[in-house]
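Work through the two exercises below with the model open, and try each task before reading its solution.

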Amino acid sequence: MIPRILDLPRFRLINTMSPLEKAVNLSRELGIDLYIKRDDLLELALGGNKVRKLEFILGDALRRGCDTLITTGAVHSNHARLTAAAARKVGLEAYLVLTPPGPRDPKGNLLLDRLFGAKVIYVDSREEADEAMERLARDLEGRGRKPYIVRRGGASPQGVMGYALAAYEILMQAYGQGIKPNYIVHATGTGATQAGLILGSRLVGLDAKIIGISVGSPADKIKKEVHSLVLEGAKYAGIKGFDIDPEDIVVIDRYTYGGYGSITKEVVEAITHVARKEALLLDPVYTAKAMLGLMDLVDKGYIEKESKVIFIHTGGIPIIFQYDNILAQYTPES
Ligand SMILES: Cc1ncc(COP(=O)(O)O)c(C=O)c1O
């Protein structure tokens, strides 16, 4: 089944496996064996989970002869930054239709979007963004261009393939290091990362419970999206008769700290805690909330002591600099 995924159109952005590192100090503190899958270190433009998805999205766009990528996301979007970077890598133009939340000062991801020469268009809502992308695509076509609309967060069957393949990488790497993981925990938004992990784990026999920590949306909404993305992904990979029980999809929405993009004192304290324990940087929109969820699930006994847990660091580091004033506000000088 994995060979089928390897045969799909793909533009290689990643040449090495991201590290799987033991977080020794946090492991000791939590009473589990905690490993961090460093997808924040994936090779393209400051890394993150979107790099894996974009390999297959770019593959599809190039196969169709497209010359322009159009996508959408929040003003602080990692997906937008990496789409702009990936486009440059293969000589395409990128248009980013950005919505709240996020400050518009040229910092963090927004600054990087500008460095990559992406054309940025601001709108006020997701609905408006969808319409604006369609309008833009028609306009570009009218001028003889071949645009490709990349779904928000790379949540397409192509995007799902990135994390289906990552499940294989995790299996090889973990088993190679003598680790049989009980849990995989990560931040979940559009659900494409989780869908890929679920699909890939089933295909390769990686028997760990996958827990998505919602960064904003209600769990039921994300579960539905994960389920349909798993099915779309399986179909794209030509895997017939594949299904999963929606009840088996685990998404927890108790750790959104006020909703998508809301950055509270607790979120910043999680960032400083992990920075001081492990010299590991988390971002305030995605990975800090996922880590807060992981720590609380251990505290509550949902994740049992001595479990082997892989936390996927899905990236987002430039967001630290986009919200530098909130981070500084809640981090007193030592
Ligand atoms: C750093 C980071 N973590 C997690 C996610 C969520 O991934 P997904 O949309 O695949 O659920 C995103 C998506 O924007 C992200 O940028």
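Two strands are taken to pair if DSSP finds at least two bridges between them. The model examined here is a predicted one.

**Exercise 1.** Establish the strand order of the open sheet of six strands, and then determine which helices pack on the sheet.

*Solution.* Step one is to follow the pairing, which is mixed and gives the order β1-β2-β10-β7-β8-β9. The edge strands, each of which pairs on one side only, are β1 (20-22) and β9 (250-252), and from one strand to the next the twist averages 25°.

Step two is to look at the edge formed by β1, which runs antiparallel to β2 (residues 33-37) and is joined to that strand by three bridges; here Lys22 stands opposite Tyr35 of β2.

Step three is to add the helices. α8 packs on the sheet by touching β7 and β8 (209-214), and its direction makes about 175° with that of β8. Helix α11 (residues 287-299) also packs on the sheet, where it touches β7, β8, β9 and β10 (308-312), with its direction at about 140° to that of β7.

**Exercise 2.** Describe the shell around the ligand, and explain why the ligand lies between domain 1 and domain 2.

*Solution.* Begin with the 20 residues around the ligand, of which Thr190, Thr193, Tyr286, Thr314 and Gly316 come nearest. By class, the shell has 15 polar, four nonpolar and one charged residues.

Next, assign residues to elements: α4 (78-89), β7 (183-188) and α8 (192-204) each supply at least two residues of the shell, and α8 gives the most, with three.

Finally, turn to the domains: because domain 1 (2-49 + 156-329) and domain 2 (63-154) both give residues to the shell, the ligand lies between them.

How values were computed
Residues numbered from 1 in each chain as written. Predicted model: local features only at pLDDT ≥ 70, side-chain atom pairs only at ≥ 80, totals over all residues. Near = placed C-beta within 6 Å. Helix = DSSP H or I, 4+ residues; strand = E, 2+ residues; numbered from the N terminus. Nonpolar A, V, L, I, M, F, W, Y, C, P; charged D, E, K, R; others polar. Domains from an automatic or database assignment. Axes fitted to C-alpha atoms, helices over the stretch in contact; angles between N-to-C directions. Contact = placed C-beta atoms within 7 Å.
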